[in-house]
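Grab a pen and work through these exercises with the model open beside you. Each one sets a task and then walks through a solution.

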Amino acid sequence: MSLLKITRLPSVRLLSSIHHQLRLTSITPLTVPRRAASRNEYRRPGQPKEDKFPLAPVNFSFLKGLEGIKKHFTLLKNEIFERFIGPQGRPLEEHILEQIRLVWEFRGPESLEEWTVSSDREIGGQSEVHLKLGKNNNTCLLYGTLNSTPPRDGETRYSGYCTMRSKQPLISFDRKKHHDWTSFNTLHLRVRGDGRPWMINITTEMYFAHNQDDMYHYFLYTRGGPYWQDVKIPFSKFFLSSRGRVQDGQYVMWLDKVNTIGFTLGDRADGPFQLEIDYIGVCKDFAHTEEFAYEMYPNKPDEK
């Protein structure tokens, strides 16, 4: 028995010393960054997170609820009657024979309510952008100052952009309304710029949720001067990107589910700019027979 006690003594001391060291040393757990609950949530780099109460106060107004119900049921009634007339409330013969359609015209202050503007001021930049009606209230004038100086937050490296984008059209009960351009193959613009290159952005309704940042782009080169410029861009020329990165897998645009269209300036040339738009429409170019201008890789290696 004495021999067993002697042999177990060093092992007991070794275990007690290890346990004592583990108690003295504080082990910090691994910190995994928590993913935001919403992908639309954005926080400017370098800005501390705002701790807000998750449940915001709700204004329960009976009269406001009645007004909302009346508004949505009126829109629903108009939608039902438009179905009996034809697509988009027009006769079927007119819809079939239509070769050009003016989607956006700027003929009054109410036409500007369908658009929104933004710039790099949302991330701490110094660019400015404004939107107003042109002379005689017949055009839209987008103007401002571009500044590519990044904010001094220690994280943002690039800056300098200004954007004009159409709002998502809604129908009754705040459902999305898509533009159906399947009868057309070309985007038709009448613009007057100052010689700067712009990027035209078109967003469509995607099938999967992880494709919500996908967008189609093409370039708009303005020649400057006092003369108007008629621009026709086939939809087959628009290429697909996601969060500003051109995708290897290119796909044809869904023209029956177009949501918004926008214009972005980011040529890194600091200074004033302006873009005047008369109208934005779509047309049918019978001479253009190209379906898609870019190579489409198969989803499976066996497909040809």
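**Exercise 1.** Work out whether Glu128 is buried or exposed, or something in between, and find its salt-bridge partner.

*Solution.* Start with the cut-offs: buried is under 20% relative accessible area, exposed is over 50%, and partly exposed is in between (1.4 Å probe, protein chains only). Glu128 comes out at 36% relative accessibility, so it's partly exposed. Next, look for a salt bridge, meaning a side-chain nitrogen of Lys or Arg within 4 Å of a carboxyl oxygen of Asp or Glu. The side chain of Glu128 pairs with that of Arg121 at 3.1 Å, N to O. Arg121 has a relative accessible area of 47%, so it's partly exposed as well.

A word on the ground rules: this is a predicted model, where local features need pLDDT of at least 70 and side-chain atom pairs count only at pLDDT 80 or more, while totals for chains, interfaces and linings use all residues. Residues are numbered from 1 along each chain as its sequence is written, and side-chain values use heavy atoms, with hydrogens and water left out.

**Exercise 2.** Find which parts of the chain the Glu276 salt bridge ties together.

*Solution.* Glu276 meets the side chain of Arg192 at 2.8 Å, N to O. Glu276 sits in strand 13 (residues 271-283) and Arg192 in strand 6, so the bridge links parts 84 residues apart in sequence. (Strands are DSSP runs of E, at least two residues; helices are runs of H or I, at least four; both are numbered from the N terminus.) Now check the cover: Glu276 is buried at 13%, whereas Arg192 is partly exposed at 23%. While you're at it, Glu105, Arg107, Arg190, Asp230 and Asp278 are joined into one network by salt bridges that share partners.

**Exercise 3.** Do the same for Glu79, and count the salt bridges in the model.

*Solution.* The partner of Glu79 is Arg175, at 2.9 Å, N to O. Glu79 belongs to helix 2 and Arg175 to the loop between strand 5 and strand 6 (186-193), so this pair ties together parts 96 residues apart in sequence. Arg175 is partly exposed, at 38%. The count for the model is 13 salt bridges.

**Exercise 4.** Place Ser148 and find the polar contact of its side chain.

*Solution.* Ser148 is in the loop between strand 4 (140-146) and strand 5 (162-166). With 15% relative accessible area, Ser148 is buried. Its side chain makes a polar contact with the side chain of Asp270 at 2.9 Å. (That's a pair of N or O atoms within 3.5 Å; within protein, one must be able to donate a hydrogen and the other to accept it, and residues adjacent in sequence count only if both atoms are side-chain atoms.)
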